[in-house]
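Reader: I have a structure with chains in it. Please show me how to read it, one feature at a time.

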Amino acid sequence: MDMATFAQVLDSTLRLATPLLFACLAGLISERAGIFDIGLEGKMLAAAFLAAAIAFVSGNVWLGVLAGIAVSVCMSLIHGVASITFRGNQLISGVAINFLAAGITVVIAQRWFQQGGRTPSLTGDARMAPLELPFAEALADVPVLGPVYGIFSGHALLVYVAFLCVPATWFLLFRTRFGLRLRAVGENPAAVDTAGISVIGMRYGAVAICGVLCGLAGAYLSTGLSAGFVKDMSAGRGYIALAAMIFAKWRPWHAMGAVLLFGLLEAVANRFQSIEIMGLALPIQVMQALPYILTVVILAGFVGRAIPPRAGGSPYVKEH
Amino acid sequence: MSTKRIPHWADVTLVPLLSVFLAFVISAVLIWAIGESPWEAVKLMVDGAFGSSYGWGYTLYYATNFMFTGLAVAVAFQARLFNIGGEGQAALGGLGVALVCLYIPWPHWTLALLGASLGAAAFGALWAFIPGYLQAKRGSHIVITTIMFNFIAASFLNYMLVSFLRPQGSQDPSSPRFPDATTLPKLHEILGLFGIPFSKVPPVNISLLIATALCFAVWWMLWRTRLGYQIRAFGESEPAAKYAGISPARITIIVMLISGGLAGLMALNNVMGEQERLVLNAVEGAGFIGIAVALMGRNHPFGVFLAAILFGFLYQGGAELALWTGIPRELIVVIQALVILFTGALDNMVRIPIAKLFAIRRTG
């Protein structure tokens with residue numbers, strides 16, 4: 001593999017990792033507060049659609065992003081009402097949200113644009129413009145440093161936002177009072193309740209943050225990574241993000257490592273038909289399945305053990 | 001949970017019916033919002049699904065798929081295991097059917113059906129066994145592992161079709177056609193024996209009878225055998241089941257084997273009965289619809305039977321709707337989502353008001 005191809009693969013790794021990273025951090029925050037969320041996929045899909053639709057109509061990608069966040073937060077609130085207020089099954093609610101998004105995006109897209117469930121292609125200001133980092137132009141010809149810097153330059157703003165969200169999430173969870181309470185709610189809600197803090201409030205807060213991040217993931221998908229919405233465009237990324245979250249054992253920095261690995265796998269699978277490692281031809285399907293296989297291996301505890309927050313998945317019932 | 005008591009009959013009829021009613025009302029609002037008439041839509045759907053033996057044939061064909069996957073999810077739910085892997089298990093069942101039909105020279109369809117059933121059930125069960133084993137022995141969350149296994153199944157099937165089963169020179173990632181001796185009798189042939197005329201077009205076939213029989217068999221297994229008792233006891237309370245000498249690991253693995261086997265058997269209907277070859281994405285989401293069917297049917301095999309027919313109606317009616325109006329087929333996915341949401345997750349929203357009503361009636 002020559003240097004240019006290598007740089008290209010790394011470049012697309014960053015792009016492909018971005019929606020995964022947003023969604024992964026979204027799931028991480030929700031699950032740290034004790035709310036399982038397998039509806040990441042659906043929220044991302046709904047956000048992707050509305051972001052592309054509004055960006056197309058208004059011609060302004062940032063209005064699209066806001067719309068994407070709004071719809072994603074709305075779906076998060078449905079999940080919140082079902083799993084926090086009505087103490088329903090969080091997993092079933094997540095499944096429902098995924099299908100709701102898969103169906104309703106196509107129904108509305110067909111009604112609005114009559115293009116078989118897609119939005120028209122986005123051009124100009126309706127798409128996210130690449131952001132050239134300072135000196136990228138000047139450094140381009142410098143050997144080694146130029147191409148390496150080039151990998152990091154020229155992405156949409158949300159790519160940088162996603163990677164900045166990693167230290168931000170870490171700080172929020174581990175260095176603020178809100179974060180301490182949020183983690184406590186996911187481990188031992190009764191103790192938090194005894195301290196006079198609203199478990200319900202904390203959990204709704206976490207679910208709302210999750211919605212914002214999923215909204216960013218979806219908006220980037222349709223206006224940054226692609227130029228428009230197509231049916232089912234999230235294509236399992238919400239589940240890969242879930243896998244990355246488990247892979248990272250619910251820790252933000254590790255989450256970044258996991259999504260970069262999964263992004264790399266996708267980039268390589270997109271670039272090559274099959275890949276040879278030590279004389280063994282690895283078919284492309286293995287590359288596609290690898291994130292899922294790795295997650296199962298981690299879950300099985302053969303390589304370290306993935307232990308979710310203790311109160312995850314169970315609704316909190318106040319004692320009377 | 002609200003501890004207010006609801007009479008059993010209301011729990012099994014009123015709660016699911018009200019949930020479905022809510023789902024339908026919201027869907028009607030959606031249809032209205034996209035500028036179509038909900039009333040016309042319902043008329044079109046009912047007419048398309050039940051107005052002719054052609055419509056009935058498709059409705060029952062889809063219902064057959066959903067009976068298999070609905071039973072699969074319901075059995076697992078009885079042990080309080082959420083098997084989201086029906087999609088992957090049914091896909092693997094398809095591979096089992098394809099291998100059995102392609103590589104064994106069957107003299108007659110009856111024998112082929114027997115062989116294919118074993119193949120389908122074995123492959124589906126195997127695909128559910130791994131998540132079941134990992135849950136039982138290593139504590140891996142079954143929901144996550146079964147989701148992962150759906151994706152692994154899709155990649156694996158893609159690989160098998162492209163690298164092995166696809167005939168040489170073919171671009172299409174699908175297996176060759178199965179031999180004629182493996183063709184299953186269609187419903188019109190079976191009804192023809194009794195002199196009942198039925199449309200020859202729809203793919204509904206003998207698998208419908210198998211699925212119906214399985215509804216009964218699963219009911220028998222759950223409520224009339226020792227194993228069924230153990231499964232239900234385990235689902236009610238794991239500590240109590242343990243105290244009664246039931247091994248949680250054993251029950252988890254057995255339930256997942258049964259569940260995966262049932263999902264795998266769906267391939268009899270779609271792969272062997274309809275396509276008569278293995279194609280990519282043959283399951284088309286039927287594994288997921290099983291979740292809605294099981295929830296709506298209250299995890300009871302007879303409930304599953306009825307809910308499967310309702311979803312068969314939605315599927316066939318939805319296809320007609322897409323044909324004649326501007327409403328795409330995905331409307332059915334929305335209805336499916338709402339049914340799952342109301343019957344599965346917002347259960348208490350429906351249940352608490354009903355419980356209050358009964359409480360008022362009792363005291364008043």
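Author: We will go through the contact between the chains, then some backbone angles and cysteines.

Author: This is a predicted model: local features need pLDDT of at least 70, side-chain atom pairs count only at pLDDT 80 or more, and totals for chains, interfaces and linings use all residues. Residues are numbered from 1 along each chain as its sequence is written, chains are lettered from A and ligands numbered from 1 in the order in which they are written, and side-chain values use heavy atoms, with hydrogens and water left out.

Reader: How many residues does each chain bring to the contact?

Author: Contact means heavy atoms within 4.5 Å. Chain A brings 42 residues and chain B brings 43 residues.

Reader: How is the size of an interface given?

Author: Often as the accessible area lost when the parts come together. Here, buried area is the accessible area (1.4 Å probe) that two parts lose on being put together, summed over both. Between chain A and chain B that is about 3700 Å². Carbon and sulfur atoms give 80% of it. A:F86, A:I92 and A:F99 supply 18% of the area that chain A buries against chain B, more than any other three residues.

Reader: Which side chains meet in a salt bridge?

Author: A salt bridge is a side-chain nitrogen of Lys or Arg within 4 Å of a carboxyl oxygen of Asp or Glu. The count between chain A and chain B is 1. B:E330 and A:K231 form a salt bridge at 2.7 Å, N to O.

Reader: Which element gives the largest share of chain A's side?

Author: Helices here are DSSP runs (H or I, at least four residues), and strands are too (E, at least two), numbered from the N terminus. α4(A) gives the largest share, 14 residues.

Reader: Where does a positive phi turn up outside glycine?

Author: A:Q114 has one, about 50°. A:Q114 lies in the loop between α4 and β1 (130-131) of chain A. B:R298 has a positive phi of about 55°. B:R298 lies in the loop between α12 (286-296) and α13 (301-324) of chain B.

Reader: Is A:Q114 buried or exposed?

Author: Buried means under 20% relative accessible area, exposed over 50%, partly exposed in between (1.4 Å probe, protein chains only). A:Q114 is exposed at 55%. B:R298 is partly exposed at 23%.

Reader: How many disulfides are there over all chains?

Author: A disulfide is a covalent bond between the sulfur atoms of two cysteines. The rule here asks for a pair of cysteine sulfur atoms within 2.5 Å. The count is 0 over all chains. For A:C214, the nearest cysteine sulfur is that of A:C210, 4.3 Å away. A:C214 is buried, at 0% relative accessible area.
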